[in-house]
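Q: Please take a close look at one part of this assembly, the contacts between its chains. How are those contacts made up, and how are the copies placed relative to one another?

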Protein chains: 4
Amino acid sequence: MGQVFETQRRVEFCETDAAGIVHFSSYVRYMEQAEHEFWRSLGTSVMQPLGDGVTQGWPRVRVECDFRGVARFEDVLSVELVIENLGQKSIRFRFEFKSEERVIASGRLTTVCCRVEHGQELKSIPISDELRELLGPYVVGDVCDSV
Amino acid sequence: MGQVFETQRRVEFCETDAAGIVHFSSYVRYMEQAEHEFWRSLGTSVMQPLGDGVTQGWPRVRVECDFRGVARFEDVLSVELVIENLGQKSIRFRFEFKSEERVIASGRLTTVCCRVEHGQELKSIPISDELRELLGPYVVGDVCDSV
Amino acid sequence: MGQVFETQRRVEFCETDAAGIVHFSSYVRYMEQAEHEFWRSLGTSVMQPLGDGVTQGWPRVRVECDFRGVARFEDVLSVELVIENLGQKSIRFRFEFKSEERVIASGRLTTVCCRVEHGQELKSIPISDELRELLGPYVVGDVCDSV
Amino acid sequence: MGQVFETQRRVEFCETDAAGIVHFSSYVRYMEQAEHEFWRSLGTSVMQPLGDGVTQGWPRVRVECDFRGVARFEDVLSVELVIENLGQKSIRFRFEFKSEERVIASGRLTTVCCRVEHGQELKSIPISDELRELLGPYVVGDVCDSV
């Protein structure tokens with residue numbers, strides 16, 4: 001419990017803005033990119049085929065981010081991901097972005113496990129036991145069952 | 001008090017993703033774009049020259065967004081902006097995105113009034129009385145003085 | 001023949017970069033957005049249902065853009081679109097971006113009329129007579145039949 | 001002569017569109033990102049301080065790209081960069097994107113060596129001998145002196 005998934009992200013020029021720094025919306029994308037990399041590190045993907053043209057996906061239901069410092073073109077950010085809440089059908093990730101040991105942004109992303117089928121409504125489904133086992137080590141604090 | 005700034009935003013193709021819907025990070029950009037349009041509607045800009053190469057800017061310190069529905073390519077979203085908190089040096093905006101009367105996303109953006117000078121650190125400064133007068137009508141509920 | 005479709009585009013902050021100007025990739029997006037607006041002005045869309053879950057779409061096969069000047073946050077660009085080539089199955093659009101009467105970028109976008117069906121390969125199809133009639137006025141110079 | 005700079009790029013979800021594939025404007029960004037990585041591989045940067053607050057930069061004057069296939073979320077693209085033309089003051093890069101040995105896009109990017117100073121007009125300057133020596137091995141065919 002409490003394992004941290006760590007990765008790095010170099011700031012691209014197109015992610016900066018006329019203030020000379022990383023545009024704040026870029027951190028929202030960095031969070032998702034780190035999450036997707038996390039799924040791959042577990043040997044799976046955020047989009048997982050369930051057979052018969054059905055896919056398991058994780059639509060986002062909430063994002064938040066606090067900005068405490070700035071990053072610039074070519075800075076290499078360290079990104080840390082933990083799971084703050086592992087619900088029956090949802091996950092709340094927490095992210096911390098650091099540049100040279102200084103926290104420059106931190107955020108949360110809540111996603112819901114869903115059955116995705118072309119032309120059908122999304123339907124939330126329970127997170128499988130197999131996935132729960134893979135995710136467990138990254139949960140910090142209590143495992144809640146809400147949602 | 002409690003006036004709402006309303007605008008519209010048509011979903012562009014490059015703002016959608018492979019799930020066939022608007023990518024969630026696009027709403028974060030829509031919020032900022034609506035905010036900038038709001039400043040222009042007041043006859044000013046989010047970037048306002050203060051003379052001597054100094055600019056008044058509004059760096060973002062926090063964003064959050066809840067996603068309750070989906071929007072697709074060419075949908076026209078109605079966007080509503082109000083001010084939830086008008087502090088001494090900061091503003092917290094609240095946004096609601098609707099598609100055909102249905103709320104599909106709502107969010108908050110907190111910005112801090114700063115003195116921006118090339119090659120200098122950002123410095124937070126009090127919001128001028130002139131601006132406070134322009135902003136006042138859009139404040140909902142109590143005007144707080146925090147931050 | 002030779003009619004010009006004209007629109008305007010205000011530069012958003014997230015479209016600028018740390019050089020203080022519009023990031024060059026933004027013009028590529030502006031071209032597509034103007035093209036999509038052009039389709040709407042004709043009373044149709046770049047994505048047009050053909051029935052039975054089949055859609056007519058226009059995948060891009062080539063883009064090019066020359067950059068001759070710069071644009072900045074909140075500049076309002078005038079955008080002009082004409083059709084340089086109306087082939088049997090493809091269109092080559094030409095765009096010109098001006099800021100205060102000065103050309104700051106010009107580009108071309110080539111798209112192919114395709115039958116789009118979920119889970120099937122894209123298949124190029126002839127442009128219908130009905131569409132050709134709508135597009136005709138915007139063709140500059142000769143109407144070629146290549147592609 | 002004729003050395004190829006090779007890198008890889010994994011497709012992020014936010015770079016796809018509602019057609020289920022990489023949005024064509026993403027390749028334009030991939031080109032720039034590969035170029036910037038190329039500069040770093042040479043031990044320098046696309047933005048290089050020249051002293052006294054002056055920077056050497058490389059504004060883009062032309063981009064073009066042909067799309068021959070599609071890439072999807074999480075595909076890993078191989079990217080190849082060569083220099084097609086090394087002028088007195090400009091470089092024309094050529095890029096090829098492959099997915100599983102199949103070329104899916106190829107493009108060109110022309111950049112001009114410039115002196116960049118805050119509040120001053122950009123001024124094109126000759127490429128230094130030191131840089132020419134670093135760039136030489138990546139030039140394919142003749143070294144032209146145009147521009």
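A: What follows goes through the contacts of chain B and chain D with chain A, and then a few features within single chains.

The model is predicted, so local features need pLDDT of at least 70 and side-chain atom pairs count only at pLDDT 80 or more, whereas totals for chains, interfaces and linings use all residues. Residues are numbered from 1 along each chain as its sequence is written, chains are lettered from A and ligands numbered from 1 in the order in which they are written, and side-chain values use heavy atoms, with hydrogens and water left out.

Chain B and chain A come first. The contact (heavy atoms within 4.5 Å) involves 15 residues of chain B and 15 residues of chain A. The size of an interface is often given as the accessible area lost when the parts come together. Here the buried area, meaning the accessible area (1.4 Å probe) that two parts lose on being put together, summed over both, is about 1,700 Å², with 55% of it on carbon and sulfur atoms. Three residues, B:Phe24, B:Arg29 and B:Arg62, account for 31% of what chain B buries against chain A, more than any other three residues.

B:Arg62 also takes part in a salt bridge, defined as a side-chain nitrogen of Lys or Arg within 4 Å of a carboxyl oxygen of Asp or Glu. Its partner is A:Glu64, and the closest N and O atoms are 3.4 Å apart. The count of salt bridges between chain B and chain A is four. Polar contacts are pairs of N or O atoms within 3.5 Å; within protein, one atom must be able to donate a hydrogen and the other to accept it, and residues adjacent in sequence count only if both atoms are side-chain atoms. Between chain B and chain A, twelve residue pairs are in polar contact, both residues being at pLDDT 80 or more.

Helices (H or I, at least four residues) and strands (E, at least two) are DSSP runs, numbered from the N terminus. On the side of chain B that touches chain A, helix H1 (24–41) and strand S4 (60–67) of chain B are the elements that give two or more residues. S4(B) supplies the largest share, eight residues. By class, that side of chain B has seven nonpolar, two polar and six charged residues; Ala, Val, Leu, Ile, Met, Phe, Trp, Tyr, Cys and Pro count as nonpolar, Asp, Glu, Lys and Arg as charged, and the others, Gly among them, as polar.

S4(B) is also paired across the interface: strand S4 (residues 60–67) of chain A is joined to S4(B) by five bridges, and the two run antiparallel. Strands pair if DSSP finds at least two bridges between them. Within this pairing, A:Cys65 stands opposite B:Val63.

Two copies of a chain are related by a rotation about an axis and a shift along it. A turn of 180° and a shift of 0.0 Å along the axis lay chain B on chain A with an RMSD of 0.0 Å, superposed by least squares on the C-alpha atoms of residues with pLDDT of at least 70 in both. B:Glu64 is the residue of chain B that comes closest to the rotation axis, at 2.0 Å (C-alpha). Because 100% of the interface residues of chain B are also interface residues in chain A, the copies meet through the same surface.

Chain D and chain A come next. Here 14 residues of chain D are in contact with 14 residues of chain A. The buried area is about 1,500 Å², and carbon and sulfur atoms give 52% of it. Two salt bridges are counted between chain D and chain A, including the one between D:Arg40 and A:Glu74 at 2.8 Å, N to O. Four residue pairs are in polar contact across this interface, both residues at pLDDT 80 or more. Helix H1 (residues 24–41) of chain D gives the most to the side that touches chain A, with five residues. That side of chain D consists of five nonpolar, three polar and six charged residues.

Chain D is superposed on chain A by a rotation of 180° with 0.0 Å of shift along its axis (RMSD 0.0 Å). That is the relation of a two-fold axis. For this pair too, 100% of the interface residues of chain D are also interface residues in chain A, so the copies meet through the same surface.

Some features lie within single chains. Over all chains the structure holds 52 salt bridges. One of them joins A:Lys98 and A:Glu80, with the closest N and O atoms 3.5 Å apart. This pair links distant parts of the chain, 18 residues apart: A:Lys98 is in strand S6 (residues 90–99) and A:Glu80 in strand S5 (residues 76–86) of chain A.
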